[in-house]
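Work through the exercises below with the sequence and the 3D view open. Try each task before reading its solution.

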Amino acid sequence: MYYSAILNMKGKKTVVVGGGKVAERKIKALLDACADITVVSPDLSDHLFRMHQEKKISWKQKTFEKDDVNGAFLVIAATNEREVNEQVYQSCEAHQLINVVDAPEKSNIIMPATFKRGDLIISVSTSGKVPGLARKLKNNLAEQFDEHFADYVEFLKEGRKRVLEEINDPEQKRIVLHQLLDKSFLEASNEERYKQLEMLLNANRSSE
Ligand SMILES: C[C@@]1(CC(=O)O)C2=NC(=C\c3[nH]c(c(CCC(=O)O)c3CC(=O)O)Cc3[nH]c(c(CC(=O)O)c3CCC(=O)O)/C=C3\N/C(=C\2)[C@@H](CCC(=O)O)[C@]3(C)CC(=O)O)/[C@H]1CCC(=O)O
Ligand SMILES: NC(=O)c1ccc[n+]([C@@H]2O[C@H](COP(=O)([O-])OP(=O)(O)OC[C@H]3O[C@@H](n4cnc5c(N)ncnc54)[C@H](O)[C@@H]3O)[C@@H](O)[C@H]2O)c1
């Protein structure tokens with residue numbers, strides 16, 4: 001049974017076993033989240049090798065051994081050998097997060113299809129059953145929530161902060177926070193949004 005959560009991976013020790021296509025995809029997302037990544041693999045894809053040269057990831061150039069998972073917060077078994085992935089799984093302790101790319105039923109964590117727009121994260125999972133559908137729905141949502149959402153979410157973040165700081169009455173605060181989510185702000189240009197925010201704050205400050 002699955003429970004959705006957003007992991008804070010900053011500085012978290014992450015071991016990825018295997019240096020191929022699937023490992024590369026997972027590592028790109030983990031680097032974006034500032035994880036501390038070590039890859040255990042006799043070889044690396046061209047892209048991963050470049051990341052290693054740029055010191056973005058560490059590389060243990062070897063085949064997997066049990067001790068390689070020691071101290072890891074998250075382990076990803078991403079080799080093309082089912083038995084090796086099984087061995088990685090067996091090497092983990094119960095408290096470690098483990099994703100086995102060819103055995104979702106063994107994984108205690110599975111990755112959704114995800115995209116980001118600034119601080120907004122939209123993720124889709126089919127509980128591991130139909131990854132192709134997760135990806136397709138994600139792509140549809142990514143068209144719907146286009147790049148402009150990054151500015152919009154940034155504006156809302158700033159607007160919320162101002163409301164919390166500048167309006168004292170709790171009920172008024174709640175009403176204005178709700179008004180901030182009105183679609184007029186979404187549809188306005190970024191410049192127009194901030195003007196509307198000032199008007200909203202002025203109107204509500206003066207009524208206190
Ligand atoms: C969303 C995404 C995130 C990510 O992995 O980053 C993801 N798979 C993606 C791509 C992708 N997956 C597959 C292909 C090749 C074929 C194809 O094209 O269909 C490609 C494309 C490619 O590789 O390019 C097939 C596949 N996937 C899994 C198996 C094993 C199995 O089912 O047993 C097999 C069969 C392997 C085989 O036999 O070949 C397993 C999992 N894949 C999951 C997630 C988890 C469940 C998600 C959910 O709950 O829906 C889960 C359970 C485990 C996990 O990995 O966490 C990412 C989309 C990236 C994006 O966002 O665009
Ligand atoms: N979860 C997913 O989304 C998904 C998608 C596609 C495929 N898969 C599965 O993922 C597996 C990997 O796919 P890929 O395309 O990345 O394969 P790949 O062949 O590109 O890469 C496999 C990597 O594993 C390394 N490796 C092999 N034996 C090893 C060992 N003993 N110790 C350490 N590293 C070892 C290889 O050197 C290579 O770097 C496939 O077998 C497939 O079952 C999963």
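The exercises that follow concern a predicted model, and they take up two ligands and then some single residues.

**Exercise 1. Surroundings of ligand 1**

Task: Find which residues come nearest to ligand 1, and state which pocket ligand 1 sits in.

Solution.
Step 1. Start with the shell. There are 18 residues around ligand 1, and Arg25, Lys26, Ser125, Thr126 and Gly128 come nearest.
Step 2. Sort the shell by class. The shell around ligand 1 has eight nonpolar, five polar and five charged residues.
Step 3. Place ligand 1 among the pockets. Ligand 1 sits in the largest pocket. Two elements give two or more residues to its shell, namely H1 and helix H4 (131-144). H4 supplies the largest share, four residues.

**Exercise 2. Polar contacts of ligand 1**

Task: Determine how far oxygen atoms of ligand 1 are from polar atoms of Thr126, Gly128 and Lys138, and say for each residue whether the side chain or the backbone takes part.

Solution.
Step 1. For Thr126, the side chain takes part: one of its N or O atoms is 2.6 Å from an oxygen atom of ligand 1.
Step 2. For Gly128, the backbone takes part, with a polar atom 2.7 Å from an oxygen atom of the ligand.
Step 3. For Lys138, a polar side-chain atom lies 2.8 Å from an oxygen atom of ligand 1.
Step 4. Apply the cut-off. A polar contact is a pair of N or O atoms within 3.5 Å, so the pairs in steps 1 to 3 qualify.
Step 5. Add the cover. On its own, ligand 1 has 1100 Å² of accessible area, and the protein covers 62% of that.

**Exercise 3. Surroundings and contacts of ligand 2**

Task: Describe the shell of ligand 2, and then list polar pairs between ligand 2 and Ser41, Phe64 and Asn80.

Solution.
Step 1. The shell around ligand 2 holds 20 residues, and those that come nearest are Gly19, Val22, Arg25, Asp43 and Phe64. Eight residues of the shell are nonpolar, seven are polar and five are charged.
Step 2. Helix H1 (residues 21-32) gives the largest share of this shell, three residues. The space that ligand 2 takes is the second largest pocket.
Step 3. Turn to the pairs. A nitrogen atom of ligand 2 is 3.0 Å from a polar backbone atom of Phe64. An N or O atom in the side chain of Ser41 is 3.3 Å from an oxygen atom of the ligand. For Asn80, a polar side-chain atom lies 3.4 Å from an oxygen atom of ligand 2.
Step 4. Add the cover. Of the 870 Å² of accessible area that ligand 2 has on its own, the protein covers 70%.

**Exercise 4. Buried or exposed?**

Task: Decide whether Gln172 and Glu192 are buried, partly exposed or exposed, and give the helix of each.

Solution.
Step 1. Gln172 lies in helix H6 (residues 170-180). Its relative accessible area is 18%. Buried means under 20%, so Gln172 counts as buried.
Step 2. The side chain of Gln172 makes a polar contact with the side chain of Asn204, at 2.3 Å.
Step 3. Glu192 is found in helix H8 (residues 190-206). Its relative accessible area is 34%, which lies between the cut-offs of 20% and 50%, so Glu192 is partly exposed.
Step 4. Glu192 and Ser91 are 101 residues apart along the chain, and their C-alpha atoms are separated by 56 Å.

**Exercise 5. Three loop residues**

Task: Place Gly20, Cys34 and Lys55 in their loops, and report a backbone angle or a distance for each.

Solution.
Step 1. Gly20 is in the loop between strand S1 (13-17) and H1. Gly20 and Leu48 are 28 residues apart in sequence, with C-alpha atoms 8.3 Å apart in space. Gly20 is partly exposed, at 30% relative accessible area.
Step 2. Cys34 is in the loop between H1 and strand S2 (36-40). Its phi is near 60°, a positive value in a residue other than glycine. With a relative accessibility of 45%, Cys34 is partly exposed.
Step 3. Lys55 lies in the loop between helix H2 (46-53) and strand S3 (58-60). Phi of Lys55 is near 60°, again positive in a residue other than glycine. Its relative accessibility is 76%; exposed means over 50%, so Lys55 counts as exposed.

Methods
Residues are numbered from 1 along each chain as its sequence is written. Chains are lettered from A and ligands numbered from 1 in the order in which they are written. This is a predicted model: local features need pLDDT of at least 70, side-chain atom pairs count only at pLDDT 80 or more; totals for chains, interfaces and linings use all residues. Side-chain values use heavy atoms; hydrogens and water are left out. A residue is near a molecule or strand if one of its heavy atoms lies within 4 Å of it. A polar contact is a pair of N or O atoms within 3.5 Å; within protein, one must be able to donate a hydrogen and the other to accept it, and residues adjacent in sequence count only if both atoms are side-chain atoms. Accessible areas come from the Shrake-Rupley method with a 1.4 Å probe; for residues, only the protein chains shown count as cover. On a 1 Å grid over the protein atoms alone, a cavity is a set of points where a 1.4 Å probe fits but cannot get out, and a pocket is an open set with protein on both sides within 12 Å along at least five of seven lines; lining residues have an atom within 4 Å of a point. A molecule sits in a cavity or pocket if more than half of its atoms lie within 2 Å of its grid points. Ala, Val, Leu, Ile, Met, Phe, Trp, Tyr, Cys and Pro count as nonpolar, Asp, Glu, Lys and Arg as charged, and the others, Gly among them, as polar. Buried means under 20% relative accessible area, exposed over 50%, partly exposed in between (1.4 Å probe, protein chains only).
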